[in-house]
Amino acid sequence: MATILSGNTNPRGIPHVAFIDSVESTLAATTDGTVETLIGAFNELHQKFKILEGHKARTKMSMKQKIPEITKTLQLVEHLKAKHEAEEDFMSHYSLSEMIYGRATITPTGNVCLWLGANVMVEYPYDEALDILTLSLKNAKLRKDICDEDLDMLRDQIITVEVNMARVFNYDVKRRRDEKKPEAGAIEA
Amino acid sequence: MGDVEVRKEDQLLINEFGRLNAKMHERKADRAVLQKSLEEFDDATTELAMGDGDDVKLMLGGESFVDVGEDFATEYCEAEQEKIQAEMDHEDAEIEKIAARQKELKVVLYGRFGSQINLEE
């Protein structure tokens with residue numbers, strides 16, 4: 001039912017829901033005048049928006065976790081680089097597994113291995129590693145911002161659908177009530 | 001019950017209110033996280049000042065401890081504290097802005113719809 005969407009989409013292709021100017025004319029345009037089909041269509045749309053919202057919220061959460069991780073890695077590489085430039089060793093207690101720490105003297109060699117994921121680790125010179133980390137930090141922030149934008153937009157759509165449903169429903173209740181006592185309505189009119 | 005028709009501009013205001021509500025929740029959660037790490041750094045700084053200054057181990061990168069001098073650790077903690085404090089001030093300012101706008105919206109929307117609308121958490 002295309003009439004319940006406005007036809008516009010946001011840059012990620014999420015459709016905008018149409019605002020109902022008049023419940024009566026929307027009903028006439030979409031169905032045989034009963035509200036069930038229209039409410040059903042809105043319900044379906046509502047569910048779709050909700051699923052999409054859950055998906056976007058998860059992406060956002062993972063970005064929100066990723067950003068501090070990258071920041072911490074950046075910090076460590078910078079420390080390594082500073083020590084390397086100063087030509088100093090340093091002692092480290094590194095995590096061996098949970099609750100167990102190994103103790104080691106680290107001599108910065110000028111290279112650092114970055115865990116890229118998918119079981120791949122690549123060795124980079126410090127500056128290159130910093131570039132890569134800075135770039136992925138920027139990308140993660142960008143993706144989070146996009147998620148924010150989509151979530152804002154989705155929330156608007158969800159609220160609009162909810163209000164639309166309530167209005168169609170109220171319209172129906174009112175119409176039924178009026179039908180029940182046409183005399184009273186006629187006198188008032 | 002007096003029915004008030006929802007106009008397009010009302011819908012936009014209702015949407016804005018809902019959006020702000022979501023933002024408010026998120027900002028408050030973010031702020032709580034910042035608050036916690038600020039307290040942790042505060043504790044760390046106090047411990048550093050009280051300790052005898054030898055053999056300081058600083059957690060870098062979240063997983064490894066690195067031996068550093070006391071000066072480095074103190075400086076590091078203070079720099080982090082300042083950074084977090086600045087972020088928190090930013091969050092506070094945003095939260096205040098959202099609350100102010102929500103208050104405005106409530107006046108308008110309750111004025112128009114009265115008890116037909118519920119604009120609470």
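**View 1. Glu16(B) is a buried residue in a salt bridge with Arg101(B).** Glu16(B) has a relative accessible area of 18%. Buried means under 20% relative accessible area, exposed over 50%, and partly exposed in between, with a 1.4 Å probe and protein chains only. Arg101(B), at 29%, is partly exposed. Their side chains meet at 2.7 Å, N to O. A salt bridge here is a side-chain nitrogen of Lys or Arg within 4 Å of a carboxyl oxygen of Asp or Glu. Glu16(B) sits in helix α1 of chain B and Arg101(B) in helix α2 (residues 70–113) of chain B, so the pair ties together parts 85 residues apart in sequence. Helices (H or I, at least four residues) and strands (E, at least two) are DSSP runs, numbered from the N terminus.

This is a predicted model: local features need pLDDT of at least 70, side-chain atom pairs count only at pLDDT 80 or more, and totals for chains, interfaces and linings use all residues. Residues are numbered from 1 along each chain as its sequence is written, chains are lettered from A and ligands numbered from 1 in the order in which they are written, and side-chain values use heavy atoms, with hydrogens and water left out.

**View 2. A salt bridge joins chains A and B.** Which residues meet at 2.7 Å, N to O? They are Glu26(B) and Lys60(A). Glu26(B) belongs to helix α1 (residues 8–50) of chain B, and Lys60(A) to helix α2 (residues 36–85) of chain A, so the pair joins two chains. Lys60(A) is buried, at 7% relative accessibility. Glu26(B) is partly exposed, at 25%. Salt bridges that share partners link Lys60(A), Lys64(A), Lys144(A), Asp148(A), Glu26(B) and Asp30(B) into one network. Over all chains, the count is 29 salt bridges.

**View 3. Lys83(A) pairs with Glu88(A).** Side chains of opposite charge can pair when their charged atoms come close. This salt bridge spans 2.8 Å, N to O. Is Lys83(A) buried or exposed? Lys83(A) counts as buried, at 18% relative accessibility. Glu88(A) is partly exposed, at 38%.

**View 4. Strands β5 and β6 of chain A form a hairpin.** Strand β5 (residues 111–117) runs antiparallel to β6(A), and 6 bridges join the two. Two strands pair if DSSP finds at least two bridges between them. Trp115(A) stands opposite Met121(A) in β6(A). The hairpin has 2 residues between its strands. Ala118(A) takes a positive phi there, near 55°.

**View 5. Confidence varies along chain A.** pLDDT is the predictor's confidence in each residue, from 0 to 100. Its mean over chain A is 85, and 93% of the residues reach 70 or more. Within chain A, strand β6 (residues 120–125) has the highest confidence, at 92. Helix α4 (residues 182–188) has the lowest, at a mean of 51. Over residues 185–189 of chain A, pLDDT stays under 50. That stretch has 0 contacts beyond four places in sequence. Contact means heavy atoms within 4.5 Å.

**View 6. Chain B has 2 helices and 2 strands.** From the N terminus on, the order is α-β-β-α. Of the 121 residues in chain B, 34% are buried. Among contacts in chain B with a separation of 6 or more, 69% come from residues 24 or more positions apart. Chain B exposes about 7,500 Å², with 53% supplied by carbon and sulfur atoms. Accessible areas come from the Shrake-Rupley method with a 1.4 Å probe; for residues, only the protein chains shown count as cover.
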